[in-house]
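I opened my notebook to follow one strand and its neighbours, then the meeting of two chains, then one helix. The entries below keep to that order.

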There are 2 protein chains.
Amino acid sequence: MHRNPKGTRDFYPEDLLQRRLMTEAWRRVSLLHGFDEIDGPTFEHLDLYTIKSGEEIVSQLFSFTRPGGDDRYALRPEFTPSLARMYASRARQLPSPTRWFCTPTFFRAERPQRGRLREFMQWNVDVIGDPSPDADADVIACAIDLFRAFGMNADRIAVHISNRHIVAGLLTDTGVADDHLDAALALLDKKARMSAEDFQREAAAIGLDAQRLDEQLRQTQTRLEQGQGEPASDHEAHLMGVIARLDAMGLADWRRVDLSIVRGLAYYTGTVFEVMVAGERAVAGGGRYDNLVELFGGPPTPAVGFGMGDVVLSLVLADDGLLPAGADLLERLSQPMPTRPDAFVVPSGNEEAEAALPGVLASLREAGLHARRTFKATRKLGKLLGDADACHARFAIIIESATHATVKNLVAGDQREDVPLSELTSVIA
Amino acid sequence: MHRNPKGTRDFYPEDLLQRRLMTEAWRRVSLLHGFDEIDGPTFEHLDLYTIKSGEEIVSQLFSFTRPGGDDRYALRPEFTPSLARMYASRARQLPSPTRWFCTPTFFRAERPQRGRLREFMQWNVDVIGDPSPDADADVIACAIDLFRAFGMNADRIAVHISNRHIVAGLLTDTGVADDHLDAALALLDKKARMSAEDFQREAAAIGLDAQRLDEQLRQTQTRLEQGQGEPASDHEAHLMGVIARLDAMGLADWRRVDLSIVRGLAYYTGTVFEVMVAGERAVAGGGRYDNLVELFGGPPTPAVGFGMGDVVLSLVLADDGLLPAGADLLERLSQPMPTRPDAFVVPSGNEEAEAALPGVLASLREAGLHARRTFKATRKLGKLLGDADACHARFAIIIESATHATVKNLVAGDQREDVPLSELTSVIA
């Protein structure tokens, strides 16, 4: 009897419905948050992966040539290099920021184990071209909403947020030399998977005073978590900005500062984060990679994003009894997909309207509405309404103050003024 | 600047929406026709392809091993071997017939050209375990409905239906020896792409009298097309059965007998067909492969199906100006997907009810309703309603006569008797 290759899966109808449950939930949340779907090829030129990671990565990839051809290819192990390549080759034509998501299949030639397969699906959400903490908060909010859509709450799921620059600064302060910094960050990343003795030994070898670092991390973390005093650096200011933005979206319960997070991938620059179940099991992770687009031939471009795999997600949902079955599952997969934007939101220019923006977007999305916003500095209303039309939004919402908005129906062509912000969702839905 | 591998595609947001338009249309039509979605791994053991086609197929595949491993793998060039493997390994547990569809990505290491890429998507629809002409008609009707959903009509699109056994019989009648039959079928398959001289020369070499064969093909074709007289063989009876069933579904305008179709793949057994645009360009093709499941270790199992690629389909739709854009496209992708069956249809056992079945199913599907039917010989109503419940259908329709049915609402638990068949769609929708 023939079998599927080890570490891959056959999806019979009941398996495929469960897979659809994940991929459609990913797609729905991405659309509600105003991300556009993309995809790249299933295999790339091998050098797309070796350029950043060196030849040693080849042992973790499925690589091949074409019969009669010389080019070396590899099945994609992750999406970020493809995304950086795609962005770089069209950087001038693409909107700023560019907001992309995808839900493709990936491949790793590693030993299969619980939660790790050789072929798996992964959701990627990225904001490219926006250096502000708002962009970090935007992708993090999208990750959180996926778990909210499945009925999980903040007792169970939290985003642990850190910043590699802050951790690197503390490493330097506690005596790690510059040429040992990368090794020290890599060591911290695998700390939880090592014995205390092994960690101590490797730390000592690179001049890392583990006890002193721990104290420093804890103090800094508490200070940042509580928002006490002035930030000690631009990096601290950035992290505090991410936290403040998430809080303005009503997500204060879902986030914490956790400087033990450094992430394994070498391309991360500032912010790094992991979505944790019960404080211990990572179900998604991401961060800033502000140098990657340039590395692939594009202009210098800040970027931030995350990935979430289907294998771990389905294990978590199954553990929590949150996988629907039978008629419930079929009904869930029959819901319309919010592909067309319901609302394009424009703050009218005053500070109050700007401050109300995150809350307005969050409440529209919570009501299942696909909400986009302008990212333009201009407040020329005609131009902004043109943007709303260009993305085929059904409504434009102009936030006039902390409490009221004007709602323009772009399909019917009429408008309502002085709509209380609390009534926006009912006016539109 | 880095580029995607030759023959593959980057899907930017506007490209991805067009891809979704194809894959969602495929999925919608498959669901309306009561097929269940499946998928296999993106790569398979290489021998899944060489077993049937020999080592020479390796030159058309992307094949590879895992670093440190011995197993040879290949990116899937088509779905049928995976489907036969998946069916074979669970044959005993699966329903009879099993009705599967999928919309995955495939790979061929050939020279890219218009309509043919190295990575492409393909829709596959298959009925496994049903030897009757009804199964052939079921998959053909599903293919036709895809084009109807895009607004194409029978002036432009037609399914050309043939049968390899009938053609082989005529080859034998006109003097081709048994050991030249496969070569003769392969020659007929490529006839349209050859010069008349080359064809004559190769035909002569295997004892094929081209002129005499042409006459025989034409006569047989006319006879079968017009349904004149008694079939001359079981194979002719089967082909006439397919035609009769399509006509009962209201698809007489969309089908023709065309014995010039033999299809290239060696695994086809009886029925073969191609969906042609303007009588000349194939946009989908398929047929019976009654030996393949057994070849992969399963029990002897009849099967029939087809494949339709996204590249050719999108060219045809673009040529005909049928690709929506802007708000229309977004609205189209926002329609709910009919994942839950709307109706489970049971003919009550008399001949009239049986004869009304294809028309009832066709009209439900034309109204956008997901309609399934029983395939059981039993007429024990309790058991059949249990099947309707098991697939979570919202309604059961018991066809009582040529004109009336009983409709049971399986969610509310009530029923209506003596519903005219012409009112079924409005009662359910």
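**Entry 1: a strand and its partners.** I looked up strand β13 (residues 343–347) of chain A and found that 5 bridges join β13(A) to β15(A), the two running parallel; strands are DSSP runs of E with at least two residues, helices are runs of H or I with at least four, both numbered from the N terminus, and two strands pair if DSSP finds at least two bridges between them. Within β15(A), I noted Ala396(A) as the bridge partner of Phe344(A).

I must record that this is a predicted model, in which local features need pLDDT of at least 70 and side-chain atom pairs count only at pLDDT 80 or more, while totals for chains, interfaces and linings use all residues. Residues are numbered from 1 along each chain as its sequence is written, chains are lettered from A and ligands numbered from 1 in the order in which they are written, and side-chain values use heavy atoms, with hydrogens and water left out.

I then followed β15(A) onward to strand β16 (residues 404–409) of chain A, with which β15(A) pairs in the antiparallel sense over 5 bridges, and a hairpin of 4 residues joins the two. Here Val407(A) in β16(A) is the bridge partner of Ile397(A).

Is β15(A) covered, and how many of its residues are buried? I found 5 of 5 buried in residues 395–399, where buried means under 20% relative accessible area, exposed over 50% and partly exposed in between, with a 1.4 Å probe and protein chains only. Phe395(A), Ile397(A) and Ile399(A) point one way, whereas Ala396(A) and Ile398(A) point the other way. In a regular strand the side chains alternate between the two faces of the sheet.

**Entry 2: the two chains.** I looked up the contact (heavy atoms within 4.5 Å), which takes 71 residues from chain A and 70 residues from chain B. The rule finds 12 salt bridges across this interface, each a side-chain nitrogen of Lys or Arg within 4 Å of a carboxyl oxygen of Asp or Glu; one of them joins Arg340(A) and Glu331(B) at 2.6 Å, N to O. On the side of chain A that touches chain B, the largest share, 8 residues, comes from helix α1 (residues 13–32) of chain A.

**Entry 3: a helix.** Finally, I listed the buried residues of helix α5 (residues 164–173) of chain A, among them Ile166(A), Val167(A) and Leu170(A). The buried residues of α5(A) pack against several elements of chain A, including β8 (157–163) and α6 (181–190). Just after α5(A), I noted that Gly175(A) takes a positive phi of about 105°.
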